[in-house]
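Me: I'd like to go through this model with you. Here it is, and then I'll start asking.

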Amino acid sequence: MEKPTKSDDKILTKKEAVREKIERVKHAVALINANKEVALQKIDKDKRAAELVIANKEVAYEKVEKGKRAAELVIANKEVAFEKIEKRKRAAELVIANKEVAYEKVEKKKRAAELLIANKELVFQNAEKEKLAAELIIANKELTFQNGEKEKRAAELIIANQELTFQNTEKEKRAAELIVANHELAFQNTEKEKRAAELIIANKELRFQNLEKEKRAAELIVANHELAFQNAEKEKRAAELVVANKELRFQNIEKEKRAAELILANHELAFQNTEKGNRAAELVLANKELAFQNTEKGNRAAELVIANEELTFQNTEKEHRAAELAVANIELTFQNTEKENRAAELAIANNELAFQNTEKELRAAELVIANCELAFQNAEKENRAAELVIANKELTFQGEEKEKRADELNLAYHELKKAEEYLKEYIEGLEEMMFITSHKVRQPVANILGLTSMLDQFMNSPENLKKMIDYLQVSAISLDGFTKELTLFISDLEQKGRTNTSFGDYETYNAHLRI
C-alpha cells in the first residue's frame, strides 16, 4: 500500500473539518427542533389548562343550569312527546357519532402502539450509540498503545543509530591502526631491501654457494609475486570497504528519514486522538439531550393520558347531562370539537413521527460516517504495521551485517597479530642469518683467500705447502659446517612461517593491511 502524501493528509484534514461543521450544523438543527417541540408542548399544556378551566366553568355553569332545568323539566315534560321523535333522530345520530368515536379510539390505540415502537427504536439506537462509544474508547486505547509502541521503536532506532556511530568510530580507529601497521611494514620493507643488499654482497663473497643462492633468489621472486598479488588484493578490499562505508552512510540517512516520518505519523495520530475525543464528547452530549427529550416525551405522554382520562370522564358526565336534559345538539357540537382536537393531536403525532424519522436518518448518516472513519483508521493502522514490519526487517538485516563485519574485523585482527608475530620472528631470523654470514662464514673464507694468496710463496717447499693445504682443508671443513648451519637455520625459519601463517591467511592479512 502506498503511503499517504502531505497533500492527501491536507485533503483528509479538510474533509474532517467539513464533517465537523456538518455535524455541528446537524446538532444545531436538532437543538432547534427540540426547542420547537418543547415550545409546542408548552403551548399544548397551556391549551389543556385553559380547557380544564373552561370545563370547570362549564361544570359550575351546568350545576346552575341543572337547577334551572329542574324547574324547566315540568315545562319540558309537556314537550317530551314532541321531542321523542327528535330524540330518536338524535339517538340515530348519536349511534353514528359513537361509532366514529370508537373508530377514533381504535386510531388512537394504533398511534399509541406506533409511539411505543418508535420509543423502542430510540432506546435501541441509544444502546447502539453507547456500543459505538465503547468501541471508540477501545480504539483510542489501542491507538495510545500503538503510540507507545512507536515511541519504543523510535528509541530503539536512536540506540541503533548510536551503536552505528560507535561502530563507525571503531572502524576509523581500526583504519588508523592499519595505516600505522602499513607504515611499519613499509619501514620493514626498506629494512628488508637493505638486508637484501647485504645478502647480495654476502652472495658475492660466497661464490661457491651460487646454486643455493639462485634457489633462494627464485624463492624470493615467488615471494615478491605473492606480495604483489597480495597488494592488489589489499587494494580491492580497500575499495570494497569504501563502498561499504558509503552504503552505511546511505542507510544512516534513510534511518533518519524513517525516524522523521515516524515522528510526523505520531503527531498525526495524536491529532486524530484529540479529534476522536471531541467527537466522543459531542456524542455523549447528544445522547444526554436525546435522553432528556425522551423523558420529556414520556412526561407529555403521561399528561396526555391524564388529559384523556379527564376527557373521558367529562364525556361520560356530558352523556349523563345529555340523557337528562336531552340536549343532543350541545353534545354533537362538543363531539365535533373533540374530533377537531383529536385531528389536531393526530397531526402533531404525525409531525413527531416525521421528525423522529428524520432524526433516525441523521443518526444513520452519522453512523455511516463513523464507520468510514473507522475503516480509514484501520487502513492507516495496517499501513503503520506494515511500515514497522519493514523497519524491523531492515534492522535485523543491518544487525546481521554488523555481526558479519564484526566477525571479519576480528578475523582480520587475529590474522594481523599472527602476521606481526611471524614478521618479528622472520626479521630476527634474518638478523641472525646476517650475523652468521658476516662473522662465522666470513672467517674461513678470509682464511682460504689468505692461504691461496700465499701458495705461490711455498711452491718450492713441500712441507710448508702440505701445511698450507692442511690449513685450507680445516678452513673448508669449518666453512662447510657454517653453510650447513645456515641452510638448517633458513629451513627452520621457513617451516615456522608455514606453520604459523598459511598462504590464504597471508593474503587476507595483506588485504586487511591495505585497508
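**Cavities, cores and buried charges**

Me: Which residues line the second largest cavity?
Reply: His27, Ala30, Leu31, Ala286, Glu289, Leu290, Gln293, Phe355, Glu359 and Arg363. A cavity is a set of points on a 1 Å grid where a 1.4 Å probe fits but cannot get out, and a lining residue has an atom within 4 Å of a point.

Me: And which elements do they come from?
Reply: Helix 1, helix 2 and helix 3 each give two or more residues to that lining. Helices here are DSSP runs (H or I) of at least four residues, numbered from the N terminus. The largest share comes from helix 2, with four residues.

Me: Anything I should know about the model before we go on?
Reply: The model is predicted, so local features need pLDDT of at least 70 and side-chain atom pairs count only at pLDDT 80 or more, while totals for chains, interfaces and linings use all residues. Residues are numbered from 1 along each chain as its sequence is written, and side-chain values use heavy atoms, leaving out hydrogens and water.

Me: Back to that cavity. How much space is in there, and what's the chemistry of its lining?
Reply: The second largest cavity holds about 80 Å³, counted as the space filled by probe spheres set on the points. Its lining has five nonpolar, two polar and three charged residues. Asp, Glu, Lys and Arg count as charged; Ala, Val, Leu, Ile, Met, Phe, Trp, Tyr, Cys and Pro as nonpolar; the others as polar.

Me: How many cavities are there in the whole structure?
Reply: Seven, taking those of 30 Å³ or more.

Me: What's the volume of the largest cavity, and who sits nearest its centre?
Reply: It has a volume of about 130 Å³. There are 13 lining residues, and Leu122, Leu290, Gln293, Lys297 and Glu359 lie nearest the centre. Helix 1 (6-205), helix 2 (210-325) and helix 3 (328-440) each give two or more residues to this lining.

Me: Which helix gives the most there?
Reply: Helix 3, with five residues. By class, the lining of the largest cavity splits into three nonpolar, five polar and five charged residues.

Me: Switching topic: what makes up the largest nonpolar core?
Reply: Nine residues: Leu430, Met433, Ile436, Val441, Val445, Leu479, Leu486, Phe489 and Ile490. Helix 3 and helix 5 (462-500) each supply at least two of them, and helix 5 has the largest share, four residues. A second, separate core has five residues, including Leu451, Leu455, Leu465 and Leu472. A core joins buried Ala, Val, Leu, Ile, Met, Phe, Trp, Tyr and Cys through side-chain atoms within 4.5 Å.

Me: Now Arg384. Why does that one count as buried?
Reply: Because its relative accessibility is 10%, and buried means under 20% (1.4 Å probe, protein chains only). Arg384 is in helix 3.

Me: What does Arg384 touch?
Reply: Lys150, Ala265 and Glu268, not counting residues up to four places away in sequence. Contact means heavy atoms within 4.5 Å.

Me: And Glu23, buried or exposed?
Reply: Glu23, in helix 1, is buried, at 12% relative accessibility. Beyond neighbours within four places in sequence, Glu23 is in contact with Arg279 and Glu282.

Me: Last one: where does UniProt put the coiled-coil region?
Reply: The unreviewed UniProt entry places that feature at residues 89-130, 187-270 and 327-419, though annotations may be inferred rather than shown by experiment. In the model, residues 89-130 are 100% helix and 0% strand, with their end C-alpha atoms 61 Å apart.

Methods
1 Å grid on protein atoms, 1.4 Å probe; cavity = no way out; pocket = protein on both sides within 12 Å on 5 of 7 lines; lining within 4 Å. Buried < 20%, exposed > 50% of the residue type's maximum accessible area, 1.4 Å probe, protein only.
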